[in-house]
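Subject: Structure handover

Hello,

Here is the structure we spoke about, for your own work. My notes follow below it.

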Amino acid sequence: MLKGKTALVTGSTSGIGLGIAKALAREGANIVLNGFGDTEGPKAEVAALGVKAAYHGADMSKPAEIEDMMKYAAAQFGRVDILVNNAGIQHVAPVEDFPPEKWDAIIAINLSSAFHASRLAIPAMKSANWGRIINVASVHGLVASAQKSAYVAAKHGLVGFTKVTALELATTGVTCNAICPGWVLTPLVQKQVDAKASAQGLSDEEAKRQLLAEKEPSLQFTTPQELGELAVFFCSDAAKNVRGVAWNMDGGWAAQ
């Protein structure tokens with residue numbers, strides 16, 4: 001379905017981003033990966049699906065590096081047809097104790113980076129009259145949790161940014177939508193599981209169960225693969241008039 005298209009997925013060397021990148025690659029899209037840590041492993045996983053895989057190590061808190069990444073993607077593959085703004089970080093603390101530098105970093109990476117990548121991708125998408133911008137928000141873009149002020153503010157902002165972008169592109173072949181996962185067992189969430197297990201003397205499985213029970217009625221983690229399939233749907237012809245939605249895949253979290 002996506003043969004000949006190029007997808008750039010930020011924060012895609014592991015977790016949700018890698019799951020989405022692989023789902024798009026299975027549909028034939030060439031992939032530009034971005035993120036920290038091991039890069040050769042994820043590149044090999046994507047290339048094994050029969051597409052071209054490239055990597056750019058832009059720090060998503062730095063607009064100049066994002067610009068360089070977008071230029072690199074265009075030089076490699078012509079243009080970015082599918083932009084998945086997924087990069088994100090987390091810090092947990094009460095508002096009065098929240099380090100200002102952590103606030104600034106979370107807003108920069110979780111929200112501002114999506115603006116910078118989108119503004120640079122849109123002109124070529126409009127010229128081609130086809131494009132997909134997929135912002136990976138969170139159920140925290142729809143509801144709040146204590147001690148996550150910067151993350152919740154950024155994700156609510158990302159949902160709002162999604163709506164504005166969709167409205168501005170409404171008469172074109174370019175769509176913009178947001179995916180809002182609940183708990184996904186990524187390295188970021190496993191850290192929270194480990195902290196709960198350590199603090200309360202729980203097994204890994206019991207800590208996971210308690211984490212899910214607090215918020216997610218299904219008592220199931222959403223998987224990166226499931227989120228990838230939703231991204232594929234957004235890229236399909238069936239979704240060409242799906243515009244500006246914040247689609248929660250959260251096991252019933254926001255339904256409560």
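Leaving aside residues up to four places away in sequence, Val84 touches Leu8, Val9, Thr10, Ile20, Leu24, Ile134 and Val136. Please keep in mind that this is a predicted model. Val84 is found in strand β4, which covers residues 82-85. Its relative accessibility is 0%, so Val84 counts as buried. Ala73 is 11 residues from Val84 in sequence, and the two C-alpha atoms are 13 Å apart in space.

The sheet

The strand that holds Val84 belongs to an open sheet of seven strands, in the order β3-β2-β1-β4-β5-β6-β7. The pairing in this sheet is parallel. Which strands stand at the edges? They are β3 (53-55) and β7 (246-249); each has a single partner strand, so one side of each has no neighbour in the sheet. On average, neighbouring strands are turned by 20° against each other, with direction ignored. As background, strands of a sheet pair through backbone hydrogen bonds, in either a parallel or an antiparallel way.

Strand β1 (residues 6-9) and strand β2 (residues 30-33) run parallel and are joined by four bridges. In this pair, Thr6 stands opposite Asn30 of β2. In a regular strand the side chains alternate between the two faces of the sheet. In β1, Thr6 and Leu8 point one way, while Ala7 and Val9 point the other way. Are these four residues buried or exposed? All are buried. Two of the residues named here, Leu8 and Val9, are also among the contacts of Val84.

Helix α3 (residues 63-77) lies across β1, β2 and β3. The helix runs at about 155° to β2.

Further along the sheet, Thr175 has its place in strand β6 (residues 174-181). With a relative accessibility of 2%, Thr175 counts as buried. Residues up to four places away in sequence again set aside, Thr175 touches Gly131, Arg132, Ile133, Phe234, Ala239, Lys240, Val242 and Arg243.

Helix α1 and its contacts

Two helix pairs involve α1, and I list them in turn.

The first pair is α1 (residues 15-26) with α8 (residues 224-235): their axes come within 8 Å and cross at roughly 50°. That angle makes α1 oblique to α8. The crossing is right-handed. On the α1 side the contact is made by Gly15, Ile16, Gly19, Ile20, Ala23 and Leu24; on the α8 side by Pro224, Leu227, Gly228, Glu229, Ala231, Val232 and Cys235. By class, this contact holds nine nonpolar, three polar and one charged residues. Ile20 and Leu24 of α1 also touch Val84.

The second pair is α1 with α2 (residues 40-47), where the axes come within 9 Å and cross at roughly 25°. Angles under 35 degrees count as roughly parallel, and α1 and α2 are therefore roughly parallel to each other. This crossing, too, is right-handed. Here Leu18, Lys22 and Ala25 of α1 meet Pro42, Glu45 and Val46 of α2. The residues of this contact divide into four nonpolar, no polar and two charged.

Individual residues

Three residues outside the sheet may be worth a look in your viewer.

Where is Gln147? It sits in the loop between β5 (131-136) and α5 (149-168). Gln147 is not a glycine, yet its phi is positive, at about 70°. With a relative accessible area of 41%, Gln147 is partly exposed.

Leu219 lies in the loop between α7 and α8. Its phi is near 55°, again a positive value in a residue other than glycine. Leu219 is partly exposed, and its relative accessible area is 46%.

Glu205 lies in helix α7, which spans residues 204-215. At a relative accessible area of 54%, Glu205 is exposed. Val193 is 12 residues from Glu205 in sequence, and their C-alpha atoms are 8.9 Å apart in space.

Regards

Conventions
Residues are numbered from 1 along each chain as its sequence is written. This is a predicted model: local features need pLDDT of at least 70, side-chain atom pairs count only at pLDDT 80 or more; totals for chains, interfaces and linings use all residues. Side-chain values use heavy atoms; hydrogens and water are left out. Axes are lines fitted to C-alpha atoms, for helices over the stretch in contact, and angles run from 0 to 180 degrees between N-to-C directions. Angles under 35 degrees count as roughly parallel, over 145 as roughly antiparallel, 65 to 115 as roughly perpendicular and the rest as oblique. A crossing is left-handed if the near helix is turned anticlockwise from the far one by less than a right angle, and right-handed if clockwise. Contact means heavy atoms within 4.5 Å. Ala, Val, Leu, Ile, Met, Phe, Trp, Tyr, Cys and Pro count as nonpolar, Asp, Glu, Lys and Arg as charged, and the others, Gly among them, as polar. Two strands pair if DSSP finds at least two bridges between them. Buried means under 20% relative accessible area, exposed over 50%, partly exposed in between (1.4 Å probe, protein chains only).
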